[in-house]
Amino acid sequence: MKKLVIFDLDGTLLNTLGDLAAACNYLMERHGYPTHPLDRYRYLVGNGINKLIERALPAGEDSPERAAALRPEFIARYREHLWEHSRPYPGIETLLKTLCRQGILLAVASNKYHEGTVALVQHFFPRVPFAAVFGQREGIPVKPDPAVVHQILSATKVPAGQALYAGDSDVDMRTAAHAGVESVGVCWGFRPRAELEASGADHLAETPQDILPIALS
């Protein structure tokens, strides 16, 4: 049985696509740039706020420097609408409570900025005793760098071999591999099943309840 399950946030625990898309389209429109349809954002998110903005910007404007300059405006807008459209995926809360009852520790590792990550987890899962909740922080590289997973393993004192990492994208599967942690790709998230398979997921879960036997094995 695993001692720890680490979850990605966006596309894994929560469907946040609508609020992320709305904030980014607001930013694009405010500066006279083209906006994007909701479904396009499935492929723009996943590597942090700066990369989301950079990917959304039109050719010629899509530099890391321009994205960094626009970041404060994005966060200001997004902070006001954090959970306007965002919701937990069906079955997630039941899974989290079941894992807790089994004595398994829970953690969140997200590329979303740390303040937003913590706020969303506290809002939607106030009764779930997460052992660690980390978003993107100054000086800590974003996933797929394994730094955040290493921090969680250190904080919980759980060896990599006794942990499971659940996420919805190639970024998550590579993060788990880099950290030496078993991975489960969730098929209800932002990215297609084929991406999870191609990126080397150790397991695939069609529903949240499919994670339970993996964690208990």
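**Exercise 1. Work out how helices α1 and α2 are oriented to each other in this predicted model.**

Step 1: Start with the geometry. Helix α2 covers residues 49-56, and its axis lies 11 Å from that of α1, at an angle of about 55°.

Step 2: Pick the right word for that angle. Angles under 35 degrees would be roughly parallel, and 65 to 115 roughly perpendicular. The pair fits neither, so α1 and α2 are oblique to each other.

Step 3: Add the handedness, which is right-handed for this crossing.

Step 4: See who touches whom. From α1 come Leu20, Cys24, Leu27 and Met28, and they meet Leu52, Ile53 and Ala56 of α2. Sorted by class, that contact has seven nonpolar residues, with no polar and no charged ones.

**Exercise 2. Now do the orientation of α1 and α3.**

Step 1: Find the helices: α1 is residues 17-30 and α3 is residues 64-80. Their axes come within 9 Å and cross at roughly 130°.

Step 2: Roughly antiparallel needs an angle over 145 degrees. This crossing falls short of that, so α1 and α3 are oblique to each other. Here too α1 passes its partner, α3, in a right-handed crossing.

Step 3: List the contact. On the α1 side you'll find Asp19, Leu20, Ala23, Cys24, Tyr26, Leu27 and Arg30, while α3 brings Leu70, Glu73, Phe74, Arg77 and Tyr78. This time the split is eight nonpolar, no polar and four charged.

**Exercise 3. Find the largest nonpolar core and look around one of its residues, Leu13.**

Step 1: The core holds 54 residues, and those with the most contacts inside it are Phe7, Leu13, Phe74, Phe130 and Ile211. Helix α1 gives the largest share, seven residues.

Step 2: There's another core apart from this one, made of 16 residues, including Ala107, Ala132, Tyr165 and Ala176.

Step 3: Zoom in on Leu13. Skipping neighbours within four places in sequence, its contacts include Phe7, Tyr89, Ile92, Leu96, Phe125 and Phe130, plus the charged Asp8 and Arg87.

**Exercise 4. Decide whether Val128 is buried or exposed, and say what it touches.**

Step 1: Place it: Val128 sits in the loop between α5 (114-124) and β5 (132-136).

Step 2: Check the accessibility. The relative accessible area of Val128 is 9%, and buried means under 20%, so Val128 is buried.

Step 3: Look for partners. Leaving out residues up to four places away in sequence, Val128 touches Leu96, Cys100 and Leu106.

Step 4: Compare sequence with space for one of them. Leu96 is 32 residues from Val128 along the chain, yet their C-alpha atoms are 7.1 Å apart.

Technical notes:
Residues are numbered from 1 along each chain as its sequence is written. This is a predicted model: local features need pLDDT of at least 70, side-chain atom pairs count only at pLDDT 80 or more; totals for chains, interfaces and linings use all residues. Side-chain values use heavy atoms; hydrogens and water are left out. Axes are lines fitted to C-alpha atoms, for helices over the stretch in contact, and angles run from 0 to 180 degrees between N-to-C directions. Helices (H or I, at least four residues) and strands (E, at least two) are DSSP runs, numbered from the N terminus. A crossing is left-handed if the near helix is turned anticlockwise from the far one by less than a right angle, and right-handed if clockwise. Contact means heavy atoms within 4.5 Å. A nonpolar core is a set of buried Ala, Val, Leu, Ile, Met, Phe, Trp, Tyr and Cys residues joined through side-chain atoms within 4.5 Å. Buried means under 20% relative accessible area, exposed over 50%, partly exposed in between (1.4 Å probe, protein chains only).
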